[in-house]
Amino acid sequence: METSLLDDVHYVSDLGDFIVPATLRVVSDLRIADHLRDGPRKVTELAELTGAHPRALLRALRVLAARGIFRETDPENFELTRRAQLLRGDHPFSLRDGLTLLSCDVEAFARFDHSVRTNEASFDHVHGEGYWEWMSRHPDESARFDATQQGATRLELRASFAAYDWSELGSIADIGGGNGAFLAGLLSRYRSLKGCLFDLPHVVEGAPRILDKAGVTERCEIRGGSFFEAVPAGYDAYLMKRILYSWPDDKVRAVLRTVRAAMREDSRMLLIEPMETPGNAREPGKVYDLLMLALGGGSARSEDHLAALFDEAGLRLERVVPTLMYPIVEARPR
Ligand SMILES: C[S@@+](CC[C@H](N)C(=O)[O-])C[C@H]1O[C@@H](n2cnc3c(N)ncnc32)[C@H](O)[C@@H]1O
């Protein structure tokens with residue numbers, strides 16, 4: 001076989017395999033990169049520190065070392081590479097807790113064929129209920145989910161500070177704001193801004209610790225509820241970060257109606273989420289589009305598609321502001 005054909009075989013089988021992502025997840029959970037922060041260590045020492053089996057851990061680290069994550073400096077002695085630094089908990093762009101691969105997601109993807117055949121969520125098909133109902137009954141997975149969101153939020157905060165003038169706002173409600181990580185970051189940067197965190201009751205339970213750590217508790221209200229029923233009224237801005245793309249159009253219409261009803265005539269709505277882009281460039285948004293299909297029957301949407309949904313809810317899409325991560329879409333009452 002020619003070398004190039006063999007390369008193709010390796011490339012395609014790497015793409016199709018779930019073993020490397022599972023290994024990365026386990027090594028992150030064991031906090032191996034944190035244990036290597038101060039320099040190389042023997043696998044036996046790492047195994048003792050983490051409660052892993054030394055031989056099994058060695059095999060796992062070698063698979064990741066072959067992909068540029070960790071380097072085996074001497075036999076059975078590993079150090080961090082630049083990419084492995086991202087698995088440290090204290091890295092500013094840490095991915096340690098941000099890697100998805102929740103077991104409920106994996107189970108949904110085992111039946112992704114259902115989504116591709118029907119354009120509906122395989123999650124509901126497999127688990128017999130929607131993502132958020134399932135999460136509300138599984139507190140450990142729910143906390144893990146919130147941690148994955150926090151990982152992405154660190155990057156999104158940096159990207160949106162640079163791209164958007166948040167200082168114009170006096171108050172902002174983060175609708176579906178999770179455990180408050182994004183709002184805490186905004187309020188600690190803009191000291192005169194007041195906030196309201198709104199999410200499902202079991203999710204906002206985790207917020208006081210995060211707001212407190214950021215020193216913004218006094219300027220932030222916390223409200224539990226459903227955005228299909230009502231959201232707090234009268235804020236200058238209504239942010240929804242990575243919300244609408246999780247839902248099909250009929251649910252998006254319902255959320256937009258509720259939020260529009262809470263807005264003043266001079267409020268603005270801000271979405272931050274992947275949008276559908278033309279072409280086949282390799283972009284994270286394209287992959288998340290499929291994640292949203294499998295987990296909620298949702299989809300990344302084009303500017304025209306969003307504009308039409310806004311229009312039905314009495315809103316006008318004003319502009320799409322690009323950022324280094326996902327764009328910020330601004331809409332106002334019309
Ligand atoms: C993909 S997460 C995004 C979280 C956060 N905005 C972020 O970007 O990190 C979607 C959020 O919507 C919340 N959510 C789902 N259904 C909701 C509902 N009916 N009312 C309020 N929040 C809801 C979830 O609890 C979750 O925090």
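Visitor: Among contacts in the protein chain between residues at least 6 apart in sequence, what percentage join residues at least 24 apart?
Guide: The structure here is a predicted model, and contact is taken as heavy atoms within 4.5 Å. Of the contacts in the protein chain between residues at least 6 apart in sequence, the share that joins residues at least 24 apart is 64%.

Visitor: What is the radius of gyration of the protein chain, and what does the globule rule give for its 334 residues?
Guide: The protein chain holds 17 helices and 10 strands. The rule gives 20 Å for 334 residues and the radius of gyration is close to that, so the chain is as compact as a globular protein of that length. Along its principal axes the C-alpha trace spans about 65 × 45 × 35 Å. The two values asked for are a radius of gyration of 22 Å and a globule-rule value of 20 Å.

Visitor: What part of the accessible surface of the protein chain belongs to carbon and sulfur atoms?
Guide: Buried residues make up 47% of the 334 residues in the protein chain. The accessible surface comes to about 17000 Å², and the part of this surface that belongs to carbon and sulfur atoms is 52%.

Visitor: How far apart do the centres of the positive and negative side chains lie?
Guide: The protein chain carries 42 positive and 51 negative side chains, each set having its own centre. The separation between the two centres is 4 Å.

Visitor: What span should helix α16 have at 1.5 Å a residue, and how far apart are its end C-alpha atoms?
Guide: Helix α16 covers residues 284-296, and because the expected span is 1.5 Å times one less than the number of residues, its 13 residues should span 18 Å, with which the separation of the end C-alpha atoms agrees. The helix is followed by G297, whose phi is positive, near 70 degrees. Both the expected span and the end-to-end separation of α16 are 18 Å.

Visitor: Which helices are included in what covers the buried residues of α16?
Guide: In α16 the buried residues are G285, L291, M292, L293, A294 and L295. What covers these residues includes α7 (103-110), α8 (112-118), α9 (122-127) and α10 (131-136).

Visitor: Which strands are included in what covers the buried residues of α15?
Guide: Helix α15 runs over residues 249-262, and its end C-alpha atoms are 20 Å apart, in agreement with the span expected for 14 residues. Its buried residues are V252, A254, V255, L256, T258, V259, R260 and A262. The cover of these residues includes helix α17 (303-312), and the strands it includes are β4 (171-175), β7 (237-241), β8 (268-272), β9 (315-321) and β10 (328-333).

Visitor: Is S160 buried or exposed?
Guide: S160 has its place in helix α11, residues 139-163, and, leaving aside its neighbours within four places in sequence, S160 is in contact with W166, F182, I272 and I328. The relative accessible area of S160 is 2%, and since buried means under 20%, S160 is buried.

Visitor: Is G16 buried or exposed?
Guide: G16 lies in the loop between α1 (3-15) and α2 (19-29), and the C-alpha atoms of G16 and E330 are separated by 38 Å. Because exposed means over 50% relative accessible area, G16, at 65%, counts as exposed.

Visitor: What distance separates the C-alpha atoms of R334 and R316?
Guide: R334 is in the segment after β10 and counts as exposed at 51% relative accessibility. Not counting residues up to four places away in sequence, R334 touches D311, G314, L315 and R316. R334 and R316 are 18 residues apart along the chain, and their C-alpha atoms are separated by 5.5 Å.

Methods. Residues are numbered from 1 along each chain as its sequence is written. This is a predicted model: local features need pLDDT of at least 70, side-chain atom pairs count only at pLDDT 80 or more; totals for chains, interfaces and linings use all residues. Side-chain values use heavy atoms; hydrogens and water are left out. Helices (H or I, at least four residues) and strands (E, at least two) are DSSP runs, numbered from the N terminus. Buried means under 20% relative accessible area, exposed over 50%, partly exposed in between (1.4 Å probe, protein chains only). The radius of gyration is taken over C-alpha atoms; the globule rule is 2.2 Å times the number of residues to the power 0.38. Accessible areas come from the Shrake-Rupley method with a 1.4 Å probe; for residues, only the protein chains shown count as cover. Lys and Arg count as positive and Asp and Glu as negative; His and the chain ends are not counted. The place of a charge is taken as NZ of Lys, CZ of Arg, CG of Asp or CD of Glu.
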